[in-house]
Each structure stands twice: as C-alpha cells, then as structure tokens.
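Me: I am new to reading protein models, and I would like to understand the reasons behind the words that are used for them. Could you go through this one with me?

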Amino acid sequence: MFNVSFFINNQRLKSKSYKTQKGAYKAIYRHFVDNSAASFIHAILTSPELGSENYTHIEQVPFDEPSPISFSLSKEWIKVRAQALARDKSCCQICGASKTVDNNVVLEVDHIKERATHPELALQLSNLQTLCSVCHRAKTNNFIGKKDNQ
Ligand SMILES: [Zn+2]
C-alpha cells in the first residue's frame, strides 16, 4: 500500500492510499497540475517498500504524461482541435507545410503554453496552433530545455 498526503501551502489537504506505486505517482502529479496556482505544493508518499518520499516539485514526480489518453480522446479536445486546424487552414504555423503541398505531412495541434504548466489553457483555441510533426517535436524539445526560465 502506498499512502500519500497532499499539501498546499503547508496545509494538509487530504491523505489517500493507493494500491500501486504508479497510481500514487499519478495522483501526486495531478495534485501539482490541479493546484498549480498555489505558491507551495508538496506531497509525501510513504510505503513499506519506499519509506518516505517528499515531493516539492512536479518534475520530481516519476510520472510525466498528464493522462494523455483520456485528454486526447475527450470530446472537448477533439472539437477544439478541429477548430484550430480549420482556423489555421491545416497549415503548419511555423514552416507552412500542409497536406495539399506534401501528402506525407503530419499535422498536429500544439499547446502554445504547455498543458503541464498551463492546464487551464488546455482547451482554449487561442492557446492552440497547428504544427507539422517536425516543427512540433522541435518546439517540444526546445520547451523542455527552457522550462526553468519561463
Ligand atoms: Zn512545420
């Protein structure tokens, strides 16, 4: 059993038990994402196997996908994603690639401000842009490198 205590600004919000380590990490990750407006967030995970681990930053949590399947399959996302593609005329907003020019182009809809740090903007059309897979990957890699400066 994995027990997690969730804190916001040093106030204990709740404690919960999880059957799996992954479930506990996911809950801690969500805690950081859901409360990203708070100035100090932490969580303490205790289990017989691990002892006690204190997490004070989202990047320490060994869980890095904010439930990608449920988000990418959500009706809201599918709808706003289609709106972004239509607004951008299905062209990459960095290099201009589109399927009418090259049928091998893969278009993706990017979150300008990343979902992990700005979950409240995840479904905002103004925070979305159409990118080809090449530009999208370049942007994501750049973001990871610069995350601390934002
Ligand atoms: Zn591109």
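What follows is a set of questions about this predicted model, each answered from its values.

Me: To begin with the whole chain, what pattern does it follow along the sequence?

Reply: The secondary structure comes to four helices and six strands, and, read along the sequence, these follow the pattern β-β-α-β-β-α-α-β-β-α.

Me: How do you know whether the chain matches a compact globule or departs from one?

Reply: A compact globule of 150 residues would have a radius of gyration near 15 Å, whereas the chain has 18 Å, so the value lies above what the rule of 2.2 Å times the number of residues to the power 0.38 gives. The C-alpha atoms fill a box of roughly 60 × 30 × 25 Å along the principal axes. The domain assignment gives domain 1 (2-60) and domain 2 (68-149), and the C-alpha centres of these domains lie 29 Å apart.

Me: Why is V61 called buried?

Reply: A residue is called buried if 20 or more other C-beta atoms lie within 10 Å of its own; V61 has 21 such atoms within 10 Å, and therefore V61 counts as buried. The place of V61 is in the loop between β4 and α2 (68-72).

Me: Which residues does V61 touch, leaving out those up to four places away in sequence?

Reply: V61 touches Y25, I28, Y29, F32 and Y55. F32 is 29 residues apart from V61 along the chain, and their C-alpha atoms are separated by 9.4 Å. Seen from the other side, I28 touches V61 as well as V4, A43, L45 and Y55, again not counting residues up to four places away in sequence.

Me: What makes a group of residues a nonpolar core, and which members of the largest one touch the most others?

Reply: The members must be buried residues of certain kinds, Val, Ile, Ala and Leu among them, joined through C-beta atoms within 7 Å. The largest such core has 15 residues, of which V4, I28, A43 and L45 touch the most other members. The elements giving two or more residues to this core are β1 (2-8), α1 (21-34) and β3 (41-47), and the largest share, six residues, comes from α1. There is also a second, separate core of six residues, which includes A97, L131, C132 and C135.

Me: What makes β1 and β2 a pair?

Reply: Two strands pair if at least two bridges are found between them; seven bridges join β1 to β2, which run antiparallel, and therefore they count as a pair. One of the bridges sets N3 against S17 in β2. The two strands form a hairpin with two residues between them, and N9 in the turn has a positive phi of about 50°.

Me: How do you know that β2 is hardly covered?

Reply: Strand β2 covers residues 11-18, and the count of buried residues among its eight residues is zero.

Me: How many bridges join β3 and β4?

Reply: β3 and strand β4 (residues 51-55) pair in the antiparallel sense over five bridges, with T46 standing opposite S52 in β4. They form a hairpin with three residues between them.

Me: Where does the UniProt annotation "domain: HNH nuclease" lie?

Reply: According to the unreviewed UniProt entry, this annotation covers residues 79-137. In the model, that span is 24% helix and 17% strand, and its end C-alpha atoms lie 23 Å apart.

Methods:
Residues numbered from 1 in each chain as written. Predicted model: local features only at pLDDT ≥ 70, side-chain atom pairs only at ≥ 80, totals over all residues. Buried ≥ 20, exposed ≤ 12 C-beta atoms within 10 Å, placed from the backbone. Contact = placed C-beta atoms within 7 Å. UniProt positions renumbered as here; feature names shortened; annotations may be inferred. Domains from an automatic or database assignment.
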